[in-house]
Amino acid sequence: MHTIRLIYASDAREDLRYRDFMTIMDTAAATNRESAITGILCYGGGQFLQALEGERLAVNALYHRIAKDPRHANCQLLSVEEISTRDFAEWSMKIVDWNDAVTAARQTMLLRHSGSRQFDPAHMSGQQAAGFLRDLAAMERLLTE
């Protein structure tokens, strides 16, 4: 079995609100658990950045459904790589609202990974996006300790 991590960026439909994200998270968490997919989704400034981890066929199928979902536009595949360990193994789907808590630490982390002070994942490389999401996940873990 080949385990992969797929990272993509997309634009969100303009009328999406936080309650919509909670619905997305609840639905995705249940569906992803069934398919043994883990991941993290960051939303901010009308854009999504998401990492999906799991068996190659399951992750590819999920990405194709996401790319056709009307809540997304301009899906851009940033990175796909085979992995031996998951970075987001504890979450069938973790959602982070970037706009909810833009702290100095988050801003510094964003600047370090993207070279920008504005959350704009479509302009990140796959490597930048992966590092950003790993560090964001580490910050989220600290909040739950």
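Start by selecting helix 1, because there is a good reason to begin there: of all the elements around the largest pocket, helix 1 gives the biggest share of the lining, six residues. Keep in mind that this is a predicted model.

**Stop 1: the largest pocket**

With helix 1 (18-35) still highlighted, add strand 3 and helix 2, since these three are the elements that give two or more residues to the lining of the largest pocket. How many residues line this pocket, and which lie nearest its centre? There are 18 lining residues, and I24, A28, L62, I66 and R71 are the ones nearest the centre. Show those five as sticks to find your way in. The volume of the largest pocket comes to about 340 Å³. Colour its lining by residue type and you get nine nonpolar, six polar and three charged residues.

**Stop 2: strand 2, inside and out**

Next, select residues 38-44, which make up strand 2. Seven of its seven residues are buried, so strand 2 is largely enclosed by the rest of the structure. Side chains in a regular strand alternate between the two faces of the sheet. Try it here: T38, I40, C42 and G44 sit on one side, while G39, L41 and Y43 sit on the other, and all are buried.

Now bring in the neighbours. Strand 3 covers residues 47-55 and runs antiparallel to strand 2, with seven bridges joining the two. For one matching pair, click T38 and look across to E53 in strand 3. Follow the chain round the turn and you'll see that strands 2 and 3 form a hairpin with two residues between them. G45 is in that turn, with a positive phi of about 55°.

Does strand 5 run parallel or antiparallel to strand 2? Select residues 94-97 to see: strand 5 runs parallel to strand 2, and four bridges join them. Here C42 has V96 as its bridge partner.

**Stop 3: two cysteines**

While you're at C42, check how hidden it is: C42 is buried, with a relative accessible area of 0%. Then jump to C75, which is partly exposed at 25%. A disulfide is a covalent bond between the sulfur atoms of two cysteines. A search of the whole structure turns up zero disulfides. C42 is in none, and the nearest cysteine sulfur to it, that of C75, is 15 Å away. Why is there no bond from C75 to C42? The sulfur of C42 is the closest cysteine sulfur to that of C75, but at 15 Å it is too far for a bond.

**Stop 4: strand 1 and its partners**

Select residues 3-12 to bring up strand 1. Nine of the ten residues of strand 1 are buried, so this strand too is largely enclosed by the rest of the structure. Strand 1 is joined to strand 3 by nine bridges, and the two run antiparallel. Click Y8 and find its bridge partner in strand 3, Q50. Strand 1 also runs antiparallel to strand 4, with eight bridges between them. For a landmark on that side, D11 stands opposite A73 in strand 4.

**Stop 5: the nonpolar cores**

Show F21, F48, L52 and M93 as spheres: these have the most contacts inside the largest nonpolar core, which has 22 residues. Strand 1, helix 1, strand 2, strand 3 and helix 2 (56-68) are the elements that give two or more residues to this core. Apart from it lies another core, of 21 residues, including M109, L110, M124 and F132.

**Stop 6: two backbone oddities**

Most residues other than glycine have a negative phi. Select A36, in the loop between helix 1 and strand 2, for an exception: A36 has a positive phi of about 55° although it is not a glycine. A36 is partly exposed, with a relative accessible area of 45%. N74 has a positive phi of about 55° as well, and N74 is not a glycine either. You'll find N74 in strand 4 (residues 72-82), and with a relative accessible area of 54%, N74 is exposed.

**Last stop: Q127**

Finish on helix 4, residues 126-144, where you can pick out Q127. Is Q127 buried or exposed? It counts as exposed, at 70% relative accessibility. Draw a distance line from Q127 back to L41: the two are 86 residues apart in sequence and 16 Å apart in space, C-alpha to C-alpha.

Terms used
Residues are numbered from 1 along each chain as its sequence is written. This is a predicted model: local features need pLDDT of at least 70, side-chain atom pairs count only at pLDDT 80 or more; totals for chains, interfaces and linings use all residues. Side-chain values use heavy atoms; hydrogens and water are left out. Buried means under 20% relative accessible area, exposed over 50%, partly exposed in between (1.4 Å probe, protein chains only). Two strands pair if DSSP finds at least two bridges between them. A disulfide is a pair of cysteine sulfur atoms within 2.5 Å. A nonpolar core is a set of buried Ala, Val, Leu, Ile, Met, Phe, Trp, Tyr and Cys residues joined through side-chain atoms within 4.5 Å. On a 1 Å grid over the protein atoms alone, a cavity is a set of points where a 1.4 Å probe fits but cannot get out, and a pocket is an open set with protein on both sides within 12 Å along at least five of seven lines; lining residues have an atom within 4 Å of a point. Grid points are joined across faces, edges and corners, and a volume is the space filled by probe spheres set on the points. Ala, Val, Leu, Ile, Met, Phe, Trp, Tyr, Cys and Pro count as nonpolar, Asp, Glu, Lys and Arg as charged, and the others, Gly among them, as polar.
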